[in-house]
Amino acid sequence: MTTALVVVMFGYGRRAYAACVNSGGTTYLCSGANAATQTINANEATVSTASGFGVNTVAGNAITISGDGALSFTDTNASVITTTDSAYGLSVTAAADDGLT
C-alpha cells in the first residue's frame, strides 16, 4: 500500500502546456504556459495570445512564425516570452509574397 501511495503522490501533477493552435482559417491562438518552443508555419498567419500565455525556453526561439504573405503577432496580455539561448523571444519571417496581400 505504501508503494501505491507514493506513485499516486508523485505520479500526478497539474501541468500547463503552452499551445499555439489553429482557431480557424489562418488564425492562431496561443494559450497556457510552458518551456516548449512554439512554431507556426502558415501563409497569412494571424497569431494572438490569451491571458496567461507564456513561453520560457532554453533552446531556440520562444515563438517562431513563418510563411508567405502578411504575418502578424498581437499580444495584448503582456505575455512573458523569453529564451535563454542566443535566439529570439519572437521571430517572424515572411519568406515571400503569397499574392494575397
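Is Leu71 buried or exposed? Keep that in mind as you click around this predicted model.

**Stop 1: Leu71**

Select Leu71, in the loop that runs between strand 7 and strand 8 (72-74). Here is your answer: Leu71 is buried, because its relative accessible area is 16% and the cut-off for buried is under 20%. Now show what surrounds Leu71. Leaving out residues up to four places away in sequence, Leu71 touches Ala42, Glu44, Ala45, Ile65, Ser66, Val92, Thr93 and Ala94. Pick Val92 from that list. Val92 and Leu71 are 21 residues apart along the chain, yet 7.3 Å separates their C-alpha atoms.

**Stop 2: the open sheet**

Next, colour strands 4, 7 and 10. These three strands make an open sheet, in the order 4-7-10, with parallel pairing. Strand 4 (38-41) and strand 10 are the edge strands, each pairing on one side only. Ignoring direction, neighbouring strands in this sheet are turned by 5° against each other on average.

Zoom in on strand 4 and strand 7 (residues 63-67): four bridges pair them in the parallel sense. To see one of the partnerships, select Gln38, whose bridge partner in strand 7 is Ile63.

**Stop 3: Ser91**

Hop over to strand 10 (residues 90-94) and select Ser91, which lies in it. How buried is Ser91? Its relative accessible area is 15%, so Ser91 counts as buried, given the cut-off of under 20%. Residues up to four places away in sequence aside, Ser91 touches Asn61, Ile63, Thr64 and Ile65. You have met Ile63 already, as the bridge partner of Gln38, and Ile65 is on the contact list of Leu71 too.

**Stop 4: strand 5 and its partners**

Now select strand 5 (residues 46-49) and turn on the side chains. Which of them point to which face? Val47 and Thr49 point to one face and are buried, while Thr46 and Ser48 point to the other face and are not buried. That fits a general pattern: side chains in a regular strand alternate between the two faces of the sheet.

Add strand 2 (residues 27-31) to your selection. Strand 2 pairs with strand 5 over four bridges, in the parallel sense. Look for Tyr28, which stands opposite Val47 in strand 5.

Last, bring in strand 8. Strand 5 and strand 8 run parallel and are joined by three bridges. Click Ser48 to finish: its bridge partner in strand 8 is Thr74.

Key
Residues numbered from 1 in each chain as written. Predicted model: local features only at pLDDT ≥ 70, side-chain atom pairs only at ≥ 80, totals over all residues. Heavy atoms only, no water. Helix = DSSP H or I, 4+ residues; strand = E, 2+ residues; numbered from the N terminus. Buried < 20%, exposed > 50% of the residue type's maximum accessible area, 1.4 Å probe, protein only. Contact = heavy atoms within 4.5 Å. Pairing = 2+ DSSP bridges. Axes fitted to C-alpha atoms, helices over the stretch in contact; angles between N-to-C directions.
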